[in-house]
Amino acid sequence: MAIEENKPDEVVEQKGKIMLVDDEMMHRKLIRTILGSKKFDYVEASSGNEALEFFKKEPFDLILMDLNMPGLTGSECIREIKKLERGKETPIIMVTAQSNLQGLIEGIEYGAIEYIVKPFSHDELRAKVMAIYNFHKQRIELAEKQAELERLKLLQQTVVTLSHHINNALSSVSLFLQTVDPNDPEKVKELIKVTQMQSNKILAVIKGMEEMAKNADIKLIDYPGATSEMLDIAEFMKKHIDNK
């Protein structure tokens with residue numbers, strides 16, 4: 001009996017999401033046919049108002065916006081989309097007749113990234129859509145990697161900060177302990193006092209870092225010998241120590 005080899009799971013490429021905005025259903029159908037369904041899922045809007053409502057509900061990787069529409073025109077819809085936080089990074093391609101020069105100018109001023117003039121060639125449409133879509137995805141991936149690097153850097157700074165303050169506190173206790181005669185009650189009392197004081201410092205570091213994280217008030221400080229910048233928590237520590 002033949003033994004089946006374990007095959008690695010196939011990586012399924014996630015489809016991009018495109019919104020097609022045009023009051024003519026045949027125009028939307030034509031664009032879908034040209035671009036195909038292998039790489040993209042589509043949401044269709046028959047007006048600028050409908051497109052704006054769709055955009056408020058979910059994100060899109062790309063919008064193809066006809067400019068000549070009744071009601072909210074394409075350029076007006078672009079303006080409203082770009083006012084939204086999500087819309088600032090969403091690429092929009094205008095699709096319009098050659099005669100609508102004013103609409104093109106307004107669309108570019110409001111934030112559209114490219115335009116296609118009707119009647120357009122199929123190759124031109126595919127080339128522009130794929131170029132802009134790929135650039136958008138790469139920009140998102142780069143931003144995610146940058147955010148991950150920032151998180152790792154903050155983790156490193158947190159570890160260095162904790163290590164520095166805790167090591168200092170423990171070193172103080174350890175050095176004092178070496179000088180204490182266990183038969184000397186006054187020295188033992190002093191050791192207890194020093195230990196309590198250094199314990200309070202460690203607690204102040206932890207509380208200070210909690211407060212810094214809660215307030216998102218991250219300040220950094222260079223420290224000789226440290227492997228990276230440390231979190232500057234002196235003010236937060238002082239507050240918690242003074243409350244003791």
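**Overall build, a cavity and aromatic pairs**

About 16,000 Å² of the protein chain is exposed, and carbon and sulfur atoms supply 55% of that area. The model is a predicted one. Of the chain's 244 residues, 32% count as buried. As for contacts with a separation of 6 or more, 61% of them in the protein chain come from residues 24 or more positions apart.

In terms of secondary structure, the protein chain has seven helices and seven strands. Read from the N terminus, the order is β-α-β-α-β-α-β-α-β-α-α-β-β-α. Put another way, strand and helix take turns up to the stretch written α-α-β-β, and a helix closes the series.

Now for the inside of the model. Searching the whole structure turns up one cavity of 30 Å³ or more, with a volume of about 40 Å³. Three elements each give two or more residues to its lining: strand 1 (16-21), helix 1 (25-35) and strand 3 (62-66). Helix 1 has the largest share, with three residues. The full set of lining residues is Leu20, Val21, Asp22, His27, Arg28, Ile31, Leu64, Asp66 and Val95. By character, the lining splits into five nonpolar residues, one polar and three charged.

Helix 6 offers a single residue to look at. This helix covers residues 185-215 and includes Gln198. Gln198 has a relative accessibility of 7%, so it counts as buried. Leaving aside residues up to four places away in sequence, Gln198 touches Ala169, Ser172 and Val173.

Aromatic rings come next. A pair of aromatic rings is described by how far apart the centres are and by the angle of the planes. The count for this model comes to three aromatic pairs. One of them joins Phe55 and Phe60, whose rings are stacked, at 6.4 Å centre to centre and with 20° between the planes. Phe55 and Phe60 are both buried. Elsewhere in the sequence, Phe40, Tyr42 and Tyr133 are linked by ring pairs into a cluster.

Taken together, the predicted model has seven helices and seven strands, one cavity of 30 Å³ or more and three aromatic pairs.

Note on methods. Residues are numbered from 1 along each chain as its sequence is written. This is a predicted model: local features need pLDDT of at least 70, side-chain atom pairs count only at pLDDT 80 or more; totals for chains, interfaces and linings use all residues. Side-chain values use heavy atoms; hydrogens and water are left out. Helices (H or I, at least four residues) and strands (E, at least two) are DSSP runs, numbered from the N terminus. Buried means under 20% relative accessible area, exposed over 50%, partly exposed in between (1.4 Å probe, protein chains only). Contact means heavy atoms within 4.5 Å. Accessible areas come from the Shrake-Rupley method with a 1.4 Å probe; for residues, only the protein chains shown count as cover. On a 1 Å grid over the protein atoms alone, a cavity is a set of points where a 1.4 Å probe fits but cannot get out, and a pocket is an open set with protein on both sides within 12 Å along at least five of seven lines; lining residues have an atom within 4 Å of a point. Grid points are joined across faces, edges and corners, and a volume is the space filled by probe spheres set on the points. Ala, Val, Leu, Ile, Met, Phe, Trp, Tyr, Cys and Pro count as nonpolar, Asp, Glu, Lys and Arg as charged, and the others, Gly among them, as polar. Rings of Phe, Tyr and Trp (its six-membered ring) pair if their centres lie within 6.5 Å; planes under 30 degrees apart count as stacked, over 60 as edge-to-face and the rest as tilted.
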